[in-house]
Structure formats: structure tokens, C-alpha cells
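Visitor: I should like to go through this model with you, one question at a time. Please show it first.

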Amino acid sequence: MRKSLLILLVVLAFDVWWRAHTFAPTIAEATGLRLWPAATGPSEPLDCDEAIYAHMGRRILAGDVLYRDLTENKPPLGYWLYAAAIAVFGYTETAIRLLPIPYVLGTIALVWWLGLRLSGAFAATLAAFLFAILSADPYLYGNGSNMEHFMNFFSVASLALMVAGWDRGKVWIFVLAGAALGAATLVKQIAILPLGVYVVALALRRSKEGLKAIGGLSLGLALTLGVAALILVVQGAGVSAYDDIFRFGRAMATDLAPEKGAPSGWIRWFTGNADPEGRLPWPFGTTNYLVWWARGSWPLWAILPACLMHIAFAPTTTPTRRIAAGWTAATLAEVVLPGMYWAHYYLLPIAGVALAAAVTAADCLAALRTKFRPIDLAGLLLVVAATLGTTFLQVRDYLMCPPQDLTVRYKGGGQWVALRTLGKELGRRKEVFENPQLFVWGWQSPLFFYGNLDGASRHLFTDNLLRDFADKPHPIITPRIAEIMDDLRAKRPPLIFVGYPPFPALKALLNEDYLPSRLIPTPPDGGYLGLWVAKDRYAAFENFDGSRTAGPLRTP
């Protein structure tokens, strides 16, 4: 046990070093420490999700209230965690990069404990190592600060508490399990799915203890969700939170059509998304627009079905192993049910992937020590090969890739690099405005972060539902478009960035009061995409003393 614990501490230290490769150039510049083999050039910039979450965290610290002053269709806990990190470390790129590390380290420790409980020290060590590698996979956006890291921590904690409470039978443990699952659900609604696995497992015990455990689980869940709801109500955001989280969130699932050229839902869970022309990434096709979500870890995903079957149905299985298998199946469903298949969704099952592979390898190794069977040898060799193959891919494609190139190669091109440059330029030039505010009709939220600019509307991010129904009647979107236009007419922000084709009212406002900036080349078709500046400050902005152009920005 002591040796395994020491190895866990080594894995935790390794993970901090491994994840820090993403922002190693910043560390090297500040401290002179150059501990990473390919830490050349700038650190990786924030993507649109990280930037908007950070911006919302800063606004919360400034007094804005979620849903009342800032719209978002996810529950509040993730944004509160972002705000907490900014309060501690500041509103900087490095602070956002440091944010997920405690949650990832906590999840590694929980995965290690689960491996120890389900199979022993060897499984614990291997599971912790595999999770450390998978949780930073750039193909899954794991090296960033995605909400899935928070979800994994709380959801895996709920699984660990279920396993701990199964034999001890203490109701308070199940109350904590419910609270942990509630915390995961307060990051994203879909995290509630393992509740069904837990309730079925406890109900199958057919005992008074099982019913008490279900009651404790439900109590912990209800208390956690209830406290969050009470906070929002006290802040005066109860009605708007219901509108954003439930009504808008449901419409995202039911009213949003698949993207142009999207593959069939029957295979999309495996292939991932297609580019706007309908082309799939390697190995299913050829496109420079996307990469396959499993490209950096496919060996472990390939053996997952066999490993799950082993821990769920092998003669040596236990009820707690079956709960772990059911939990993993529920996290796979969390990827499929939203129907969007963004690469970072695949971070949700990786704890189950690591556990299933580690327990299978440990069982095969233990069996071989007593009796040689080809099936045990094959199982062990499959896990070893998958571990080595995935580690090789991650070293080659992550550790040996310069940090800024990670976003260019794996996350949709150089748009985040260009947005960082443009955002900083806007931050320099904003002094020409009395009230520097920005409205973004699109996904270009890094402009808020790198320009240190406030939004001109509580609608900060243009998701696909808002985009698709901006000029069509819709019971939820039409009032929001009207509210956006009321905000823009009342505040007249000096800067508007158009990343999607504008709806008629926005187009009319641009024609009336704004001019296109030369910082971004006008599209060949003479369209509206780009940066627009208020006419009364246009000359001062464009002729800013000492300015330098940010270079062309890649727009859709």
C-alpha cells in the first residue's frame, strides 16, 4: 500500500508537469525554467469556451449575476468555479490554464482509489497513469480548461462514494454520493445520468439498507441542487435561470438541426463531426477542418468494449465492479444524448476507460500467476499494447508539439491565435472610446478576454440555436433577438464583431452607425463579416498612434 501511494504521488507530480506543457513558454519567460522538450513559441491561446467562461467569471466578480445579467444555458457551478480561480490568480491566461489542475489531480487520486478498491495496487497505479495521459489529450481539448474536468471530478467522486458505501452501508456516505453527483449536474445537466445506475444497483439489493441508501442518495442530490437554486433566487435570477437552463437548454436539444453535411447519428458518435462540406476527418476521409476525436487515444478506446464486458460479466466480478461498468456506460450516454459530439464531450468517459483497462490487466496478470491461459495472456497484452500505443501518440502529438501549434493542429485552425492577436490590439486601441464595449455576433469570445472588454448585452455568445433562428419566428429566440437590439440601440457599443451573417435588424444598425475596420480585410463578396467601429470614433480608432495591424483573422 505504501509503495502504491508513493507511485500515486509520482503520477500526480508527473501530471502537473505534463499539463504545464500547454503554457510552458509563459513559465519559462517568468522563471527561466525550461523543463519541457518542445516549449517553443508562445503558450496555447484560450479557445472560445475558455474565453467566454473566463469573461463571465470576471463579470460575476464585478457584481453581475448569472442568467439575470449574463445568459448561458448551462447550470451555474462551472462559472462560479471560474470566478473563484480568477479571484485567486487574476484575470490572466495562466490563471485559466492553472484552473483545472486541482480538479484533474483530485480525479486521478479518486481513480487510483477506485482501482485499488476494485482490483489492487497494480490496477490503481495503471488507472491513475492512464487517466493522467487521457485527461490532457489535445484531440479531446483535455489540455485546456473545459467544464468536463469539473464534471469528472464530481462524478468520479460520486462513484467512489458509492463503492465506499456499498459494503459499509452508512447512509451518510450515500448522502455525500448524491451531493457529489448533484455538483456534477450543476456543471452540466447531462451529468445526472449515473443516478439511474446507482438507484437500480441499490434497488436490486432488495433490502431495507438499499432503500435507505436510495433515500440518502436522493437527499444529497436534492440538497445540492436546492442550495444552488436558492442562491439564484436570492440573487433575483430564479426566473431567468429557469428560462436559460431548462427552456433554452431543451430547445438546443429539440429544435436545432444537424450542421450542414453532418454524418448520420448512427455513426456520428464514432466518426465525430464533419466539416461544412460534409467531409469527415481521418481515418474516415480527408479534411483540414477537423481532426478525429480518438486520433490520440484510439488504442485504449478500441479495447474498451472488451474491458467493460470483463469487469461487468466475468465470473470474478463484484457488485461494485458492475456499478463502475454501469457508470462508464452512463458517461458514454452523456456523449451521445446531446447529439452535438464536440470533441471535449469524450473526456467524460475517460475515467471509466482507464479503470476498465487497468482492472482487466490486473485480473489477467493475477490469473497468469496461478495458471497459464492464452485468453489471460491475450488480455494482458492487449492492455499493454493499448497503453504503450496511446502513450506514444500523446508524446508525439502533445508533448513534442509546440504549445501554440496544439490549437492550430487539433482545434480548428489558427483562429484562436488570430483572435488573441486581434484582442490584444483592441485592448490597446480601446482608450480612444469613452465607454469601450464590444458586442460579438459569433463565437469570437477571445476578443472579450484578450481585449479586456465588457459586453454590450447579456447575450455574450452566439450559439447555433440563436444563429439559426435569428431571422425566423421562435418562442425563445425571437424575444432574445429583440433584447439584443434594445441593448445595442441603448448602449451603442463602439465595437461590433460579426462572425456569423447578421440578421436584418443588426445589418441595418451596422449600415446606419458603423464602418468596417481595416484591421480585418473585407470579405471578397463584400459581406458583413468582420470588425465594425462606430462612425463617430472610427478615425481615432483606425489612426491610433503607434498602432500595428493585428493581421487577417480567419472568419467562417
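Visitor: What share of the accessible surface of the chain belongs to carbon and sulfur atoms?
Guide: The model is a predicted one. The accessible surface of the chain comes to about 23100 Å². Of that area, the part belonging to carbon and sulfur atoms is 64%.

Visitor: Which value does the globule rule give for 556 residues, and why is the chain as compact as a globular protein of that length?
Guide: The chain holds 24 helices and 5 strands. Its radius of gyration is 25 Å, close to the value from the globule rule, so the chain is as compact as a globular protein of that length. For 556 residues, the rule gives 24 Å.

Visitor: How many of the residues in the chain, as a percentage, are buried?
Guide: A residue is buried when its relative accessible area is under 20%. Of the 556 residues in the chain, the buried ones make up 57%.

Visitor: Which strands are the edge strands of the sheet?
Guide: The 5 strands form an open sheet with mixed pairing, in the order E2-E1-E3-E5-E4. An edge strand pairs on one side only. That applies to strand E2 (454-455) and strand E4 (514-516).

Visitor: What is the bridge partner of Val440 in E3?
Guide: Strand E1 covers residues 437-441 and strand E3 covers residues 495-498. The two pair in the parallel sense over 4 bridges. Within E3, the partner of Val440 is Phe497.

Visitor: How far apart do the centres of the positive and negative side chains lie?
Guide: The chain has 49 positive and 41 negative side chains. The distance between the centres of the two sets is 9 Å.

How values were computed
Residues are numbered from 1 along each chain as its sequence is written. This is a predicted model: local features need pLDDT of at least 70, side-chain atom pairs count only at pLDDT 80 or more; totals for chains, interfaces and linings use all residues. Side-chain values use heavy atoms; hydrogens and water are left out. The radius of gyration is taken over C-alpha atoms; the globule rule is 2.2 Å times the number of residues to the power 0.38. Buried means under 20% relative accessible area, exposed over 50%, partly exposed in between (1.4 Å probe, protein chains only). Accessible areas come from the Shrake-Rupley method with a 1.4 Å probe; for residues, only the protein chains shown count as cover. Lys and Arg count as positive and Asp and Glu as negative; His and the chain ends are not counted. The place of a charge is taken as NZ of Lys, CZ of Arg, CG of Asp or CD of Glu. Two strands pair if DSSP finds at least two bridges between them.
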